[in-house]
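Please walk me through this model, beginning with a single helix and going on to the fold, the core, the loops and the contacts with DNA.

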There are 2 protein chains.
Amino acid sequence: MHQEQHPAPAPTRRLSREAIIDTALAQIDRSGAQSLSMRSLAQELGVEAMSLYRYVEGKDDLLERVVEQLMGDMTSRLDADLTEHWQGFLQALANEVRRLAVEHPKAFPLVATRPPAAPWLRPPLRSVELVNTFLSTLLGFGFTDEQAVHTYRSFSSFLLGQLLLEASVRGVDPVDTPFDDADPSGDDDESTLADAPQVLRLRPLLSEDRSEAEFETALEAVLDRLARDLAQ
Amino acid sequence: MHQEQHPAPAPTRRLSREAIIDTALAQIDRSGAQSLSMRSLAQELGVEAMSLYRYVEGKDDLLERVVEQLMGDMTSRLDADLTEHWQGFLQALANEVRRLAVEHPKAFPLVATRPPAAPWLRPPLRSVELVNTFLSTLLGFGFTDEQAVHTYRSFSSFLLGQLLLEASVRGVDPVDTPFDDADPSGDDDESTLADAPQVLRLRPLLSEDRSEAEFETALEAVLDRLARDLAQ
DNA sequence: ACCTGAACACCGTTCAAGT
DNA sequence: ACCTGAACACCGTTCAAGT
């Protein structure tokens, strides 16, 4: 029997939970979570869709595992970043989450908007392990329970707003965007802009991408505010 | 011919774009955007799915119209709120957007996360009319172009983070949540919390809902920061 | 043990046909 | 002019069957 000699008809030979999750993430990175289907994923793995159900409970579970993996990768990178001030910790954390958003702009909406498993797991900091690290680090720096929890909330909200916006800008495929500052008659927005003179006039300024600088100054503002709240 | 005497077999008699959008919003408010389908919407309107395509280009267009209607309602309420300081304007705007999030928690994710039509339309302030009002109001209070645009960005990010989190908490259906502070052995999270002592200990504090108060103090912090940036 | 074929109950959407 | 039946190309998921 000639079992191993004909070449694999698809990239991966043996199925595994890990391979499924990795391939799902790759497909999401390529074309968004919207267009991921059990069937297309199976096809890329060289298998029928039903085979996936041996390793994953269903599509919802699969997406949860993808999020889990992204969070896990991030958390392990964070452990190395030890600092002496709480500001340093929050800065390192913020940069790691931003890195996730920038490297996976099409997957980040999943991290940011999938319904959390528990009410005390707020996106985008959605792993128990990470939240525990967050809280115990701040408590270690002398925060009270209330201060640590309040900081967790402010910080989640800051990261969510800032990074979801940045990811959505970066996640858009570069399609007919290259030429959008030409054509002042505005064929893409037609008459909508006629009644919006300021938007029309400020369009170039509004379209500028200052995400990185904005992120850093906004982060400093948050840290300043927290420092003042603690001192008082 | 007895044309008008037999009772309507379904709620709405005559189809219209407006009825379609209203019913779609009602269905989203009830059970989330996820579970809205052209077929279920048609059924609620007493019609076949294909009839909807006379009034709406497709599902994507329909969702865009729902968002448009929510934004329109909000914008018209805002016009009445005239104020003497820019702080008052931003406060009124923030409260209107929050009201939208609180009244339509299951529809708000649509406002917050659907890909914007243009890069200078940032969620959740996603109508040209509203952005124009925003910019011209601030310019009218003496802001420079750069200041107005920067304020638009900070404010969008603040509203998005704060309100998406609040809406996601409020959007969850009250199912087996009533009793979740009993049962300290934690059957819902099982062993996950065993390695997360701080999360376990602070669970009650983390689960508290302080959204309204938090929103107000966070808003004040944003306004303070803007005022300081302007003065310097 | 691991994968699959066939089937079920759904989707969004098109188009020729009905009234 | 407005609605529909039938069809197409998809979905997620189950389950008995294959190897």
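**From one helix to the DNA**

In H1(A), the buried residues are Ala19(A), Ile20(A), Ile21(A), Thr23(A), Ala24(A), Leu25(A), Gln27(A) and Ile28(A), where buried means under 20% relative accessible area, exposed over 50% and partly exposed in between, computed with a 1.4 Å probe on protein chains only. The model is a predicted one, in which local features need pLDDT of at least 70 and side-chain atom pairs count only at pLDDT 80 or more, while totals for chains, interfaces and linings use all residues. Residues are numbered from 1 along each chain as its sequence is written, chains are lettered from A and ligands numbered from 1 in the order in which they are written, and side-chain values use heavy atoms, with hydrogens and water left out.

Helix H1 of chain A covers residues 17–31, and because a helix is expected to span 1.5 Å times one less than its number of residues, its 15 residues should span 21 Å, which agrees with the 21 Å between its end C-alpha atoms. Just after H1(A), Gly32(A) takes a positive phi of about 90°. Helices here are DSSP runs of H or I with at least four residues, strands are runs of E with at least two, and both are numbered from the N terminus. On that basis chain A has nine helices and zero strands, and along the sequence its pattern reads α-α-α-α-α-α-α-α-α. Of the 232 residues of chain A, 46% count as buried. Among its contacts (heavy atoms within 4.5 Å) between residues at least 6 apart in sequence, 66% join residues at least 24 apart.

In soluble globular proteins, nonpolar side chains tend to be buried together. A nonpolar core is taken here as a set of buried Ala, Val, Leu, Ile, Met, Phe, Trp, Tyr and Cys residues joined through side-chain atoms within 4.5 Å. The largest such core holds 140 residues, of which Phe155(A) and Phe155(B) touch the most other members. Leaving aside neighbours within four places in sequence, Phe155(B) is in contact with Leu90(B), Leu93(B), Ala94(B), Phe134(B), Leu219(B), Val222(B) and Leu223(B).

The loops offer further detail. In chain A, His104(A) lies in the loop between helix H4 (86–103) and H5, and this histidine counts as buried because its relative accessible area is 16%. Not counting residues up to four places away in sequence, His104(A) touches Leu25(A), Asp29(A) and Leu70(A); of these, Leu25(A) is also one of the buried residues of H1(A).

The peptide bond from Pro123(A) to Pro124(A) is cis, with omega near 0°, and Pro124(A) is found in the loop between helix H5 (108–113) and helix H6 (128–140) of chain A. In chain B, the bond from Pro123(B) to Pro124(B) is likewise cis, with omega near 0°, and Pro124(B) lies in the loop between H5 and H6 of that chain.

That loop of chain B also holds Arg126(B), which counts as buried because its relative accessibility is 10%. Polar contacts are pairs of N or O atoms within 3.5 Å; within protein, one atom must be able to donate a hydrogen and the other to accept it, and residues adjacent in sequence count only if both atoms are side-chain atoms. The side chain of Arg126(B) has a polar atom 3.1 Å from the backbone oxygen of Val111(B) and a polar atom 3.4 Å from the backbone oxygen of Pro115(B). Beyond four places in sequence, the residues that Arg126(B) touches include Glu64(B), Val67(B), Met71(B) and Leu121(B).

Finally, consider the DNA, where a residue is near a strand if one of its heavy atoms lies within 4 Å of it. DNA strand C is surrounded by 17 residues, the closest being Glu48(A), Tyr55(A), Arg39(B), Tyr53(B) and Lys59(B). Of the strand C atoms within 4 Å of the protein, 55% belong to sugar or phosphate and the rest to bases. A polar side-chain atom of Tyr55(A) lies 2.8 Å from a phosphate oxygen of strand C, and an N or O atom in the side chain of Arg39(B) lies 2.3 Å from a base nitrogen of that strand.

Around DNA strand D there are 17 residues, of which Arg39(A), Tyr53(A), Lys59(A), Ser51(B) and Tyr55(B) come nearest. Sugar and phosphate account for 51% of the strand D atoms that come within 4 Å of the protein. A base nitrogen of strand D is 2.3 Å from an N or O atom in the side chain of Arg39(A), whereas a backbone N or O atom of Glu48(B) lies 2.9 Å from a phosphate oxygen.
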